[in-house]
Amino acid sequence: MSPAAPAEVTFPRHVVVIGAGAVGLMSAIHALDQGLQVTLLDFNEAGSEEASSYGNAGWLSSHSVIPPVEPGMWKKVPGYLADPLGPLSIRWRHLPRLAPWLLRNLASARRTRIRTTAAALRTLVVDARLLHLDVARRAGVAHLIDTSGVLHVYRSRQQFEGDAFGWGVRRELGIGWTELEGADLRQREPDLDPAFGFAVHVDEAGHCRNPGAYMQALERFALARGAQRVQGRATGFRVQDGRLKAVLTGHGEIACDAAVIAAGARSKELAAAAGDRVRLESERGYHASIAGETLASTARMPMMVSEFKVIATQMETGLRIAGQVEFASFEAAPDWRRAGIMRDIALKLFPGLPRDLPASQVRFWLGRRPSTPDGMPCIGHASASGDIVHAYGHGHIGLGCSARTGRIVAQLLAGRTPEIDLAPFSPQRF
């Protein structure tokens, strides 16, 4: 069980939100709604290319409830180690440090455990597109949120049926979809390689047309409502008799009554400073973006291509191919060959794209997902003080989860009962 909230919550209460990514910004906005004073603390500018929220696939997918692991995945580990450019790769030199996390990750790949995880995640992601649309409207950028659904694309119905377990779990949770085949799919996606002849359309999902611009708009909205912004990096906390007195930074203290750890893949050390040892690793992902407002070939609707473990999304900035997984240290140098693979996959998916794309038209990016071994985030009060709230570890679904997570964080800060059961997401579960 998570530690109890502080016995007394007095107002006005000053909260420092550590991290100006999707979760941090949503937490700040909803904390302002609760009447709290807010300071945003981050080393990077909101929506900058250095921030993980900038380069994700943009999905607001309330059906993304299946953790990235799958039954029998342990059998594939030798192949992952042998292929540095596969859909999931592990750099050998980092294996000893990663081993405890990976073993826990593989142990969670049981059908009963996946069902339990999916049920918990559903409470966090349900209605994601509508929650985001509401905040985006308030921030004046409703045009960045598309609510028309997403596609999962396969070569054939038989290939789709190979994912029957995951889709069966979704159906058990009340998630529906429409099947598209042959001419129906061609009409929806005329530029997609005809070799992909089957897809499912998940109507209840949506996507963000420009995550970087969205983050910048959310920060402007928070600042316009009275939030303060401090550029710097949190290093710890000053707690006296169980009550938070200040957030420590490299440039001194920020006096406050509460704090939110929403620093993404950098949250592990802060969690330890708040009294909790969490299992969190940097799960690196790449994207390739092909610029051009009127590409000759593109995705009409965001699509997940299971065969390649990537998502193709037409953004305001161009066609983005994002996905795959690389395990290494946070600071390890990028392997831009992996981003090159994203570009090559785009050429396979959309034959109408020029084979000789100029370098000036293609941009590569690396981001770091904050991932837990069981595929669920950490949300709840810290052990050292109920004034500190954990909010990180959302892995592949951080953007989609951020709107509800922000609401929950604000409820915890205000001493209110959270709108969902947080027991599955307890930071103390490790």
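**Salt bridges, a helix and a small sheet**

Mentor: R369 is buried, and E283 is buried too. Keep in mind that this is a predicted model.

Trainee: How many residues apart are R369 and E283 in the chain?
Mentor: Let's start with the contact itself: R369 and E283 form a salt bridge, with their closest N and O atoms 3.7 Å apart. R369 sits in strand β19 and E283 in strand β15, so the pair links distant parts of the chain. The separation between R369 and E283 is 86 residues.

Trainee: Which residue joins R13 and D387 in a network of salt bridges?
Mentor: Good one! The side chains of R13 and D387 meet at 2.6 Å, N to O. R13 lies in the segment before β1 (14-18), while D387 lies in the loop between β20 (378-381) and β21 (388-392), 374 residues apart. R13 and D387 are each buried. The residue linked with R13 and D387 in the network is R243.

Trainee: What relative accessible area does D344 have?
Mentor: D344 forms a salt bridge with R343, at 3.2 Å from N to O. R343 is partly exposed, with 27% relative accessibility. D344 also counts as partly exposed, because partly exposed lies between the 20% and 50% cut-offs and the relative accessible area of D344 is 34%.

Trainee: How many salt bridges does the structure hold?
Mentor: We have met a few by now, including the one between R13 and D387 and the one between D344 and R343. Side chains of opposite charge can pair when their charged atoms come close. For the whole structure, the count of salt bridges is 25.

Trainee: What span is expected for helix α11 at 1.5 Å a residue?
Mentor: Helix α11 covers residues 336-349, which is 14 residues. Its buried residues include I341, I345 and L349, and the buried residues of α11 pack against several strands, among them β15 (281-290) and β19 (362-371). From its first C-alpha to its last, α11 reaches 20 Å, close to the expected 20 Å.

Trainee: Which strands stand at the edges of the open sheet of 3 strands?
Mentor: Follow the order, β3-β9-β5, with antiparallel pairing. Each edge strand has a single partner strand, so one side of it is left without a neighbour in the sheet. The edge strands are β3 (59-60) and β5 (145-146).

Trainee: Which residue in β9 stands opposite D146?
Mentor: Here we look at the pairing of β5 with β9 (residues 206-208). The two strands run antiparallel and are joined by 2 bridges. Opposite D146, in β9, stands H207.

How values were computed
Residues numbered from 1 in each chain as written. Predicted model: local features only at pLDDT ≥ 70, side-chain atom pairs only at ≥ 80, totals over all residues. Heavy atoms only, no water. Helix = DSSP H or I, 4+ residues; strand = E, 2+ residues; numbered from the N terminus. Expected span 1.5 Å × (residues − 1). Buried < 20%, exposed > 50% of the residue type's maximum accessible area, 1.4 Å probe, protein only. Contact = heavy atoms within 4.5 Å. Pairing = 2+ DSSP bridges. Salt bridge = Lys/Arg side-chain N within 4 Å of Asp/Glu carboxyl O.
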